[in-house]
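Q: Please take a close look at one helix pair in this model. How do the two helices sit against each other, and what can then be said about the ligand site?

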Amino acid sequence: MAKKEFKSESKRLLDLMINSIYTNKDIFLRELISNSSDALDKLYYRSLTDKKVKVDREKLEINIAFDKDKRLLTVTDNGCGMTKDELESNLGTIAKSGSLAFKENMSSDEKTNIIGQFGVGFYASFMVSDKVTVTSKSVDDDKAYVWESEGVDGYTIKEGKKEDTGTEIVLHIKEDSDEFEYSKYLDEYELKKLIKKYSDYISFPIKMEVTHHELKDEEKHEYEDHKEIETINSMIPIWKKSKDDVSEEDYDNFYMDKFSDYDKPLKVISSSVEGMTSYKALLFIPSHAPFDYYTQEYEKGLALYSNGVLIMEKCADLLPDFFSFVKGVVDSEDLSLNISRELLQESQNLKLIAKNIENKIKKELENMLREDRDTYISFFKTFGVQLKYGVYNNFGQDKDKLKDLVMFYSAKHEKLITISEYVSEMKEDQDSIYYASGSSIEKIASLPQVEQVRDKDYDILYLTDYVDEFCITAIQSYEDKKFKNVSDENLDLETEEEKKETEKANKENKDLLTEMNDLLEEVTEVRFSNKLKSHPVCLTTKGDVSIEMQKVFDAMPNDMGIKAQTILEINEKHPIAKKIQTLYKKDKEEFKKYTKILYSEARMIAGLPIDNPTEISQLICEVISK
Ligand code: ADP
């Protein structure tokens, strides 16, 4: 029979999996058991919503069997099974995304990372076996099909025989090598240990034939082996166990298995609520963002159970968008099993649970920030953008919930601080919360406008994320202190005397400034100022749109034409001020050149592109070669 090829990316992933020394081979078993459990859940849920499908939940189970001599390990379930098409699409490709960044000569960390991103899944079987045979019969088909593969070369699918609905997976376990003893996966004791360790919570029985040594004759000390099929797992979902009976490792293993992560969670949140609506929730904050987290493909949601029976894999209504990174399960006896998804959305119980969960997550994050700052910062570096996005999303309706969870880089402390921390350290004469934005901390720190504020010993929040300024604009003020961009035209930090001086300079040079402004159509105004200490020029803005915000708008696919109103400010005390005054009187041509150069300088400092770089560079050369 002709072999079919794996899709090229699946092939590479499979190749990585087989050949890289993925640290923990043991997990292949939990992956298979977890798939079986999902298939049983699916079949049961189907029976609740489709009268044609009759299922006795008591009979749903997973079986593990092994044959030492033939080196076969078999995992069987009587779940929903797979049709021929499903075998093809589920096992022939690694589903979900197509954009895998494969590189030549990847380090083993990078390999692990790539494998991890995809959740090792079914393919993990190839870490321990040289041949995998899947025989499956779907609830929606009378025929059974056999999928078989010996690894990267490809796979075959043919019709097969199978009595009952469900799936049987037979692994031909690799021969032992110097590096690894694969035979352990054919050992009763080892298998039992693995099932207990990784799959204990699975809510269906995982059965295996177990040997008992029984004393036959006490006097002669004679024993007899006697075999019996036993359920290995406790079947108690981990969230139903008392916290004292569950170790940190158990929670971590559950998380990694259930949510296909190769890393432990950063934080485990468990909560049990009794009341009008009772439920148990086990929530996790991942330690890194899922590979598709910041894409459209990412689906938020918590697994929803009704008394141990899965109703929905990802119930989106249980999580607000700003906490979309949270993974976990919610189990409530107060939700009806047969409820349709549409009705579920309307359910008051569900709404109440969602509200409680939101509060719980918020509280836990606040605690973490207070008591375990390093962990919080690690969390914030991973998911902070989502929180900041949450602040301004929906017209800022959630900003009050989130404003104490967001952090920004402090110029003074050179690390992340909260707004509340900033405010508590404000100087007596300081009435605004200053911020400055740019593409990096270094670039912001060298902005001319920063100097004046830092000279007063006021701290400045340096904003480097594109969402930051939108977030701050949405918050508006904190404890009556308004936020102020250091690039705002009106910082109001000068003394009365300084103000008068500038006013005078601007009046006396009105014609000059107007002519400059006429030459520079884009800018709203050109003025002398004394806010600059050592720098000759800067660009400030008027109104709500800052330069950094304009950059974000400019980068959007459909240009909305939102522009910042810019002001070119010239340092009145800088020698250049005198120079242009002289040129204005004596040499208009030269005056025009200087105007263009100065404006380009200001744009450059603000990180804005220069439309006519060739012209400007020629002008500069003309001027400096004089
Ligand atoms: P994942 O479980 O993360 O989706 P896998 O590679 O483990 O990825 O499995 C791919 C798909 O194959 C599953 O989503 C499921 O649809 C199907 N599948 C795997 N094992 C079984 C099984 N025992 N019964 C029914 N379907 C299965």
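A: Start with the orientation: helix 8 and helix 9 are oblique to each other. This is a predicted model. The pair consists of helix 8, residues 348-371, and helix 9, residues 373-396. Their axes cross at roughly 125°. That angle lies outside the 65 to 115 range for roughly perpendicular and is not over 145, the mark for roughly antiparallel, so the pair counts as oblique. The axes come within 6 Å. Both numbers matter for the description, because two packed helices are described by the angle between their axes and the distance between the axes.

Now the residues. Helix 8 brings Leu-365, Met-368, Leu-369 and Glu-371 to the contact. Helix 9 meets them with Arg-373, Thr-375, Tyr-376 and Phe-379. Sorted by class, this contact has 5 nonpolar, 1 polar and 2 charged residues.

Next, the ligand. Its surroundings comprise 13 residues. The closest are Asn-35, Ala-39, Asp-77, Asn-90 and Phe-122. Three of the polar distances can be listed here:

- Asn-35: an N or O atom of the side chain is 2.8 Å from a ligand oxygen.
- Asn-90: an N or O atom of the side chain is 3.2 Å from a ligand oxygen.
- Phe-122: a polar backbone atom is 2.8 Å from a ligand oxygen.

Taken alone, the ligand exposes 530 Å². The protein buries 79% of that area. Two elements give two or more residues to the shell: helix 2 (27-49) and helix 3 (84-92). Helix 2 gives the most, with 4 residues. By class, the shell divides into 4 nonpolar, 6 polar and 3 charged residues.

Technical notes. Residues numbered from 1 in each chain as written. Predicted model: local features only at pLDDT ≥ 70, side-chain atom pairs only at ≥ 80, totals over all residues. Heavy atoms only, no water. Axes fitted to C-alpha atoms, helices over the stretch in contact; angles between N-to-C directions. Parallel < 35°, antiparallel > 145°, perpendicular 65-115°, else oblique. Contact = heavy atoms within 4.5 Å. Nonpolar A, V, L, I, M, F, W, Y, C, P; charged D, E, K, R; others polar. Near = heavy atom within 4 Å. Polar contact = N/O pair within 3.5 Å; in protein donor to acceptor, adjacent residues only side chain to side chain. Areas by Shrake-Rupley, 256 points an atom, 1.4 Å probe, with all protein chains shown as cover.
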